[in-house]
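Work through the exercises below with the sequence and the structure open. Try each task before reading its solution.

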Amino acid sequence: RARTGDEPLLRVTEPEAQQPPAQRVPDAITGRIASILEFYQFATKLDVALLLLAVVISCSAGAAMPLMQWAFSRTIGSLGSINLNSTGIDNSNILLFVYIGCGSWVAQFCYRSLSDISKSRQLTRYRKEYIKAIVRQDPGWFDLNSPQELSTRIGEAMTLIDGGLGSNALQLFELLGGGSAAVALAFSFEWRVTLICLAVSPLLAFSFALFTRVLARSTARIQDAYGRAGGVASEALTAIRTVAALGAEQSFQQRYEANLAAAERVGIRSTVCVGFARGLLLSAGSFMIAAGLLYGGTRLAAERRASSFAYSAQTVLGELPYCVPQACSAYAMETGVPTNLVYPLQLPIPGRHLPPTPPIGPGGTCEEAGLKPLRLNCDSLAKANLTLLAIAGPAAEREEAHEHGSYFPCGLLGVHVLLVIMLVQTASQNIGRAPDLIEKLVKARRAAHSVLETIRRRPFIDSFAEGGLVPTKPASGAVEVVDVHFAYPAAPAVKVCCGYSLSIGAGQTVALC
């Protein structure tokens, strides 16, 4: 109790002066997790606006890869239907790739820039408040938290928070946007094949997540194992004179070799685990391709058979069938190219010598002449060579198919099956990459909880507080300590002061020991 005249400037008694407990700073690696609102509590309205805009742009940036795959399949599909009269390449496909590339570049630049700007602003506030909170703490807090470790703790916590606030965290939305766009495109082309591929996709996603996790943990374990061996070597080299004086070279050598052996075992186990995860990752993609191709090929074959019809021409004499020789029927039926066609009268083809065949009259059949009918389907009608049959252009092909009870074009194309498989693979890989990013975000929120716990702690004697009693004139009275009980926070069971009292008169000099 210090007195200024007759009034006490400060009175401290046991019940009223409950000091907030001095606790060790929570571990930034294994501590509790801060909520999303707590994690972003230093974000201003501008920071929130930047983040929301970056989230939207990141989703659109993720859709670039599925769009690129769609453009690639569109280009592949057009390669098989090039008009022989064309004099150049279709520039629309080339421009499509250019547009998608430019859009992806702009989206990546915008969302990463916006998120990093917001991150830098929030991280600055985190640092300022954290340093301010550390400086304002009382000596009891520093008794539990070594000042020599605080710089390392600050750097470690800020690095983890940086990883959760920046563009790395928004990659989750990029993966989400890319995966959603890929699945949506796949369903729009062929929903049945998409469902079959999605049934196998969890294996691919699991293998990708397993590979990234095993690779990261294996690297950390190997570094830790070799770090312990390096610590033994560093200890021996630092005190080499003491080691030589005590003749402890053999002991240090044995310790170093034991740690090296442990590091070797860790490396072997890690290599086996990484190899297993890599093999599972590579094989899972093959399993998905096999399932998609098996079902897609079955669907393609079924549609070709369902749309197949025997081609014939209507003339004034009646319906005349188109026929092919037995040796060429397989090729003609598979490709739709009318090789060695036989009309009612022999059709001469330059450079090709045909065997004599009997003419087929109206109402006759190809079998009567020892031939097979030329069968077309929704796919073979689109071949450019069918102009020999006077079927030119989509309108004529659609009309011809309708007249023969079929349809054109096909509902399912081979390029669609391949596109669906690639799109579902992209979505599965995005899902597989998500756990690694989620783990980084969890570590950042855990580090933020550690920092916020220190920031929220207000010591009883707060050097930054502006309230309280302020002396109006210098203190000149006696100093009196009455019934003080005290123990250091590091050893609360050991009482240093048990009912300690002391009275010092004005102007008196006292030495405490």
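Helices (H or I, at least four residues) and strands (E, at least two) are DSSP runs, numbered from the N terminus. The model is predicted: local features need pLDDT of at least 70, side-chain atom pairs count only at pLDDT 80 or more, and totals for chains, interfaces and linings use all residues. Residues are numbered from 1 along each chain as its sequence is written, and side-chain values use heavy atoms, with hydrogens and water left out.

**Exercise 1. Annotated segments**

Task: find where UniProt places the feature "transmembrane region", then describe the chain over residues 48-72 and over residues 92-111.

Solution. Step 1: the unreviewed UniProt entry puts the feature at residues 48-72, 92-111, 168-187, 193-216 and 275-295. UniProt positions are given in the numbering used here, feature names are shortened, and annotations may be inferred rather than shown by experiment.
Step 2: residues 48-72 are 96% helix and 0% strand, with end C-alpha atoms 37 Å apart.
Step 3: residues 92-111 are 100% helix and 0% strand, and here the end C-alpha atoms are 28 Å apart.

**Exercise 2. Salt bridges**

Task: state how many salt bridges the count comes to, and work out which parts of the chain are tied together by Arg121 and Asp47.

Solution. Step 1: a salt bridge is a side-chain nitrogen of Lys or Arg within 4 Å of a carboxyl oxygen of Asp or Glu. The count by this rule is nine salt bridges.
Step 2: one of them joins the side chains of Arg121 and Asp47, at 2.6 Å from N to O. Arg121 is in helix α4 (residues 91-136) and Asp47 in helix α2 (residues 45-62), so this pair ties together parts 74 residues apart in sequence.
Step 3: compare the cover of the two partners. Buried means under 20% relative accessible area, exposed over 50%, and partly exposed in between (1.4 Å probe, protein chains only). Arg121 has 32% and is partly exposed, whereas Asp47 has 0% and is buried.

Task: do the same for Asp162 and Lys119.

Solution. Step 1: these residues form a salt bridge whose closest N and O atoms are 3.5 Å apart. The pair links distant parts of the chain, with Asp162 in helix α6 (residues 147-165) and Lys119 in helix α4, 43 residues apart.
Step 2: Asp162 is partly exposed at 26% relative accessibility, and Lys119 is buried at 14%.

Task: are Asp138 and Arg457 buried or exposed?

Solution. Step 1: their side chains meet in a salt bridge of 2.9 Å, N to O. Asp138 lies in the loop between α4 and α5 (139-144), and Arg457 in the loop between α13 (414-456) and β9 (479-486), so the pair ties together parts 319 residues apart in sequence.
Step 2: both Asp138 and Arg457 are buried.
Step 3: elsewhere, salt bridges with shared partners join Glu38, Glu453 and Arg456 into one network.

**Exercise 3. A surface patch**

Task: which residues form a nonpolar patch on the surface?

Solution. Step 1: patches are made of residues with over 30% relative accessible area and no salt bridge; like charges are joined within 9 Å, and nonpolar side chains (Val, Leu, Ile, Met, Phe, Trp, Tyr) within 5 Å. Accessible areas come from the Shrake-Rupley method with a 1.4 Å probe; for residues, only the protein chains shown count as cover.
Step 2: Ile94, Leu95, Val98 and Tyr99 form the patch, with about 390 Å² of accessible area together.
Step 3: take Leu95 as an example. Leu95 is in helix α4 and is partly exposed, with 40% relative accessible area.

**Exercise 4. Separation along the chain and in space**

Task: how many Å separate the C-alpha atoms of Ala447 and Ala34, and those of Ser73 and Gly414?

Solution. Step 1: Ala447 is in helix α13 and is buried, at 0%. Its C-alpha atom is separated by 8.2 Å from that of Ala34, and the two residues are 413 residues apart along the chain.
Step 2: Ser73 is in helix α3 (residues 64-79) and is buried, at 8%. The C-alpha atoms of Ser73 and Gly414 are separated by 10.0 Å, with their positions 341 residues apart along the chain.
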